[in-house]
Amino acid sequence: MPHDHHDHLSPSGHPYRPDDDTPLSYWQTLEIAVRELLIGKGVTTAAEIAAQIDRMDARSPANGAAVIARAWTDPGFQERLLQDASAASREMGFDIGPLRLIAVENTPDIHNVIVCTLCSCYPRNLLGLPPDWYKSRAYRSRTVREPRAVLAEFGLVLPDTTTVRVHDSTADMRYIVIPARPDGTDGWSADRLATLVTRDSMIGTATALPGPG
Amino acid sequence: MTKTWVRVRHMMPPGHVRTPTYLRGKTGVIERPLGPFPNPEARAYGRPGDPRDLFRVRFRMADIWNDAVHPDDTLDAEIYAHWLEPLKD
């Protein structure tokens, strides 16, 4: 029983998680006050708020993967996606709200990567919540300064013959990378191809997963 | 297609702006126009914001960083028209 004498550990041997009993911040207090007023005045209900949180949590990279897989299998759709990615996403039935989306395409000569140096702009409607590292100062500051070093730390080493295009999401547009379609996937259905499209491949810090072999 | 060269204005106004400091004073080409959007510098303070034209500007890494290891890699950013000045070549 190695943990018996450590009262900061639970019987299972893991540290207790500290209670979250710090005072509410100004913004937390404001959020609760506004929410209670909206419910009290009958503008919305607690159930509606919970349902909206569920809808937001349900957005995932699977939505973006479906868009990419469709582009890989439907050249007409790919053209429309590059022309107007918002309209093309809506065409597939994704409710992306007012999102203004630009799709950028990886080719043998060009690799695209997305960053938001000013905050953490991200196409949440298509990819869900951003990963924590996307919001980190290290990723945001280094990706515009030394993108190839950052990509190498993700395991993506690009040859000098490939041009790296960094896209800093500074204002009103959001971005999605169309990764290169993996070799050996001829004849695959869009549903099967979508399983190769990872979140990171749509941010540009990875390629799509390899096909068979 | 002729390239439209622009320089990002080198100004440091107070308040909320959407032009990153590292691009101020830098030179690039218009990648595409994006159309008008309500000015975020007003919207940040609860005002509606008059429409301002927004452009995607493409910069060579060598034109941003003096010591760029890969000078021909590029960086695209969205910059409002009132932050851009035309360049004659």
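Color chain A by secondary structure and read along the sequence: the order is α-α-α-α-α-β-β-α-α-α-β-β-α-α. That makes ten helices and four strands. Keep in mind while you click around that this is a predicted model.

**Zoom out: the whole of chain A**

Show just the C-alpha trace. Along the principal axes, the C-alpha atoms of chain A fill a box of roughly 55 × 55 × 35 Å. Its radius of gyration is 22 Å, whereas a compact globule of 213 residues would come in near 17 Å. If you shade the chain by burial, 31% of the 213 residues count as buried. Switch on a contact map next: of the contacts in chain A between residues at least 6 apart in sequence, 65% join residues at least 24 apart.

**Zoom in: strand 3**

Now select residues 163-168 of chain A, which are strand 3, and pick out A:Val164 within it. Is A:Val164 buried or exposed? It counts as buried, because it has 21 C-beta neighbours inside 10 Å, and the cut-off for that label is 20 or more.

**Who sits around A:Val164?**

Leave A:Val164 selected and bring up its contacts, skipping residues up to four places away in sequence. Within chain A you'll find A:His111, A:Val113, A:Pro147, A:Arg148 and A:Leu158. Turn on chain B too, since the list also includes B:His70 and B:Asp73.

**Last stop: a long ruler**

Draw a C-alpha to C-alpha distance from A:Val164 to A:Ala58: the two are 32 Å apart in space and 106 residues apart in sequence.

Conventions. Residues numbered from 1 in each chain as written. Chains lettered and ligands numbered in written order. Predicted model: local features only at pLDDT ≥ 70, side-chain atom pairs only at ≥ 80, totals over all residues. Helix = DSSP H or I, 4+ residues; strand = E, 2+ residues; numbered from the N terminus. Rg over C-alpha atoms; globule rule 2.2 N^0.38 Å. Buried ≥ 20, exposed ≤ 12 C-beta atoms within 10 Å, placed from the backbone. Contact = placed C-beta atoms within 7 Å.
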